[in-house]
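I wanted notes on how the strands pair, how the helices pack and where the charged side chains meet. The entries below follow that order.

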Amino acid sequence: MDSINQLKSSAVPIKIENIDTDQIIPARFLKVISREGFGNNLFRDWRFNQDNQIIENFPLNNSNYSGKILVAGKNFGCGSSREHAAWAIKDYGFDVVISSYFADIFMGNALNNGILPIVVTDEILNQIFDIIDQEPTTAFEVDLEHQTLKIQDQIISFEVDSYKKICLLNGYDDIDFLISQKEKIEAYEQNHKPLQYEDV
């Protein structure tokens with residue numbers, strides 16, 4: 001996975017609450033197991049109509065909005081537990097998702113796939129939407145090491161699981177992390193050899 005440390009980017013706003021995983025990536029696109037290509041169908045039924053024509057006023061189709069940060073309404077990623085939702089978001093090009101609440105399973109899937117979910121208060125979320133409405137090119141600064149989100153002159157702290165923070169900072173998945181700990185694991189095993197029968 002790509003590492004995430006400091007990110008300065010404009011954001012794409014989707015001011016809709018209770019966005020579930022079927023809206024993020026519709027079930028009909030889940031027939032493949034490779035992670036590549038899912039970004040093409042991110043929010044498919046909101047980006048295109050039944051005639052496969054672009055819905056121009058949807059934020060992802062609006063040229064005013066761009067960037068590696070997705071800002072979404074409260075209760076993002078609810079519904080089914082499909083990991084494909086995180087795959088689609090990452091494959092589209094988003095590294096960070098900001099909301100005031102994430103479904104637990106989605107949050108875990110996001111962290112496991114190199115996406116940083118940042119939880120802010122409802123008040124801050126509305127403030128972010130207002131800022132983007134006023135100036136779509138506004139840059140937001142994410143500092144994972146210090147766990148801060150800078151919005152204009154305001155600095156907001158956010159929480160992140162300490163283990164997943166290490167993984168995101170280094171671009172590790174779970175296997176990569178274990179490999180990075182190989183020497184420590186081997187040293188532990190050397191110092192904690194199982195008892196032999198003659199030692200009992």
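I began with S9, which stands opposite F140 in β6. The model is predicted, so I kept to its limits: local features need pLDDT of at least 70, side-chain atom pairs count only at pLDDT 80 or more, and totals for chains, interfaces and linings use all residues. Residues are numbered from 1 along each chain as its sequence is written, and side-chain values use heavy atoms, with hydrogens and water left out.

Entry, antiparallel sheet. I took strands (E, at least two residues) and helices (H or I, at least four) as DSSP runs, numbered from the N terminus. Two strands count as paired if DSSP finds at least two bridges between them. On that basis β1 (residues 6–9) and β6 (residues 140–143) pair in the antiparallel sense over four bridges. I then followed β6 to β7 (residues 148–151): four bridges join these strands, and they run antiparallel. For registry I noted V142 opposite L149 in β7 and F140 opposite I151 in β7. F140 thus appears in both notes, facing S9 and I151. The hairpin of β6 and β7 has four residues between the strands, and Q147 there takes a positive phi near 55°.

I wrote down the whole sheet as open, with four strands in the order β1-β6-β7-β8 and antiparallel pairing. Its edge strands are β1 and β8 (154–157), each of which pairs on one side only. Neighbouring strands are turned by 15° against each other on average, direction ignored.

Entry, parallel sheet. A further open sheet holds four strands in the order β2-β3-β4-β5, and here the pairing is parallel. β2 (11–14) and β5 (116–119) are the edge strands, each pairing on one side only. From one strand to the next the twist averages 20°. I checked one pairing: β4 (residues 96–99) and β5 run parallel and are joined by four bridges. The bridge partner of V97 in β5 is P117.

Entry, helices. Which helices did I find packed at an angle of about 45°? They are α3 (residues 84–92) and α4 (residues 104–112), with their axes 8 Å apart. Axes are lines fitted to C-alpha atoms, for helices over the stretch in contact, and angles run from 0 to 180 degrees between N-to-C directions. α3 and α4 are therefore oblique to each other; under 35 degrees counts as roughly parallel, over 145 as roughly antiparallel, 65 to 115 as roughly perpendicular and the rest as oblique. Contact (heavy atoms within 4.5 Å) is made by A85, A86 and I89 of α3 and F106, N109 and A110 of α4.

I also looked at α5 (residues 122–134), which lies across β6, β7 and β8 and runs at about 40° to β7.

Entry, salt bridges. How many salt bridges did I count? The rule asks for a side-chain nitrogen of Lys or Arg within 4 Å of a carboxyl oxygen of Asp or Glu, and the count comes to four. I noted that D22 forms a salt bridge with R82, with the closest N and O atoms 3.0 Å apart. This pair links distant parts of the chain, 60 residues apart: D22 is in α1 (residues 21–24) and R82 is in the loop between β3 (69–72) and α3.
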